[in-house]
Each structure stands twice: as structure tokens, then as C-alpha cells.
Amino acid sequence: MSDHIIVEQSATHPGVQIIRFNRPEKKNAITRPMYVRMTEALKAANEDITIRATVFLGTEGAFSAGNDIGDFLAAAMGGSLGRELLDFLNALVNAEKPLVSGVDGLAIGIGTTMHMHCDLTVASDRSQFRTPFVDLALVPEAASSLLAPRIMGHQRAFALLAAGEAFSAQEAKDAGLVWKVCSAPDVESLTLAAAAKLAAKPPEALKIARHLIRGDRAEIIARIDDEARHFAAQLKSAEARAAFEAFMRR
């Protein structure tokens, strides 16, 4: 389980921390312990002066299929989703160092919305971004209901978050979710190179610039909490249980 998230310092790019999804047999679906490991890494980066930027990477053909559906089903059947996801989202918002992500292939649910908290995202031309929240009788998370309309406008945000439409890499770039599109073999090298350029900049000036660009954190945290209340209520609904059970029967 501990190997499902690999945290390491880049050997070739000083100052760059890598958080890598490593559960390819499940398309990097995220479990509660995986959220804990990523949260720890983000908090540690805030305190470590040798870390100047953090990079998120997946595996070949899959960034992340989103939250492990088994956790959702367990919560729907009377269990608890826990604080792990919310703690991770709060850590994303409160990250003091630049966040850069590299996507190849599937990016589903939180595998899409987390890029709204990243400063630069590189995606392969075969990547697909999708948030099937409503299809699972759920609601948007990660403050995406606030951030997506700002990034891409109402109609694109609605298509992604409510209608559940899939975005190609180019469509995601056109919408402002992705910075750069490249071929699959180049994703990791371009992502790390972008992070290394940020890591080499004057850190205090970059920190201030980043905070000015990103805006009020309190507003984002408040929306995360608001979405979470609706999300938790929907998890207990009959329509959500039916959707999860249908998904597990596939």
C-alpha cells in the first residue's frame, strides 16, 4: 500500500519534489492511505527550504481514475468517507511552493479537478479529462464549482462538471485547464523541466507572485467545505448507492 504513492526528490532537477501515483493495476485510483501520503508530502514541502516545487505524475496511460470507488461504496452503505480527501484538498490549497502536474491518459474526477490547483499542467495528446460526479449521483468537489467557471467560463465548466462530458487534451488546453500539450513520451521530461525552471527562480518573489495570482485561499477553502457537505449527503442517498452498485457490476 505504501508504494501506491512514491515521493522522491528528483535526481536530475534540484529543488523538485515528485509525487507519483503508482497503482497502475487500478489506473491509479486513489485510496484513503494514498491521500494521507500526498498530504504529508505537501506539508513537508512547505517546511523544507530545499524543495522549491512539487510535481504530480501518474503512470503510462493513466494519471488517475479518481477516488477509489470502493471507498465511495463503503460510505454509501453506512460507513464514513473520512477526512483524508478533505485534508489533501486543504493541503493543495495551502501549498506554499509551485505545483506542476504531468498527465498522460486518464484523468478522472479528482484526477481532473486537482489540476485547477496546479500552476502549470502538461498533458499528452492522448489524455482525457472527465468528472462523472452527477453520473454517480454526486456533486463537484475540490472547489471545482468555484474555480472551473473562473478558468473556463460557465458553459465549459457545466459541460465538464455537471454534464460529465469528456475533454480531450486540446479541449482542456483551450479551456485553460492545461498549459501545454505534447506527445506521451515527452510528458515527464517537459513537466520536470517546467518545475525546474520555477525552482531556479527567486523563491520569495515567486511566492508573492503566486499568491497574488491565485487569490483568496479562504474563499476556496469555504467552497471545498460547502461542496463536501453536499457530497456527504449525496453519498447517503439511494440514487448514489444504486449508481455505485451499478458501477461495481460492470
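These legends describe close-up views of a predicted model.

**View 1. Four strands make up an open sheet.**
The strand order is β4-β6-β8-β9, and the pairing is mixed. β4 (62–64) and β9 (167–168) stand at the edges. Each of these two has a single partner strand, so one side of each is left without a neighbour in the sheet.

**View 2. Strands β8 and β9 run antiparallel.**
β8 covers residues 128–130. Two bridges join β8 to β9. Gln128 has Ser168 of β9 as its bridge partner.

**View 3. The largest pocket has a volume of about 610 Å³.**
Its lining holds 26 residues. Closest to the centre are Ala65, Asn67, Ile69, Ile108 and Phe247. Three elements each supply at least two lining residues: helix α2 (69–76), strand β6 (106–108) and helix α11 (238–248). Strand β6 is also a member of the open sheet, in the order β4-β6-β8-β9. By class, the lining of the largest pocket has 14 nonpolar, three polar and nine charged residues.

**View 4. The second largest pocket has a volume of about 500 Å³.**
Here 22 residues form the lining. Met116, Cys118, Asp119, Ile213 and Arg214 lie nearest the centre of this pocket. Two or more lining residues come from each of β7 (120–124), α5 (144–152) and α9 (203–214). Helix α9 gives the most, with five residues. The lining of this second largest pocket divides into 14 nonpolar, four polar and four charged residues.

**View 5. Arg210 is a buried residue of helix α9.**
Arg210 counts as buried because its relative accessible area is 5%, and the cut-off for buried is under 20%. Residues up to four places away in sequence are not counted among the contacts given here. Arg210 touches Ala95, Glu96, Lys97, Pro98 and Leu99. Arg210 also touches His117, Asp119 and Arg217. One of these, Asp119, is among the residues nearest the centre of the second largest pocket.

**View 6. The largest nonpolar core has 61 residues.**
In soluble globular proteins, nonpolar side chains tend to be buried together. In this core, the residues that touch the most other members are Met38, Phe56, Phe88, Phe129 and Phe244. Helix α3 (residues 84–93) gives the most to the core, with seven residues.

**View 7. Met38 has contacts beyond its neighbours in sequence.**
Neighbours within four places in sequence are left aside. Met38 is then in contact with Ile5, Ile19, Phe21, Ile30, Phe56 and Phe88. Phe56 and Phe88 are, like Met38, among the core residues that touch the most other members.

**View 8. Another core, of 13 residues, lies apart from the largest one.**
Its members include Ile18, Ala53, Val100 and Leu120.

**View 9. The largest cavity has a volume of about 40 Å³.**
A search of the whole structure finds one cavity of 30 Å³ or more. The lining consists of Arg32, Tyr35, Asn67, Asp71, Leu81, Glu84 and Leu85. Helices α1 (32–47) and α3 each supply at least two of these residues. Three lining residues are nonpolar, one is polar and three are charged. Asn67 lines this cavity, and Asn67 is also among the residues closest to the centre of the largest pocket.

Notes
Residues numbered from 1 in each chain as written. Predicted model: local features only at pLDDT ≥ 70, side-chain atom pairs only at ≥ 80, totals over all residues. Heavy atoms only, no water. Pairing = 2+ DSSP bridges. 1 Å grid on protein atoms, 1.4 Å probe; cavity = no way out; pocket = protein on both sides within 12 Å on 5 of 7 lines; lining within 4 Å. Points joined across faces, edges and corners; volume = space filled by probe spheres on them. Nonpolar A, V, L, I, M, F, W, Y, C, P; charged D, E, K, R; others polar. Core = buried A, V, L, I, M, F, W, Y, C linked by side-chain atoms within 4.5 Å. Buried < 20%, exposed > 50% of the residue type's maximum accessible area, 1.4 Å probe, protein only. Contact = heavy atoms within 4.5 Å.
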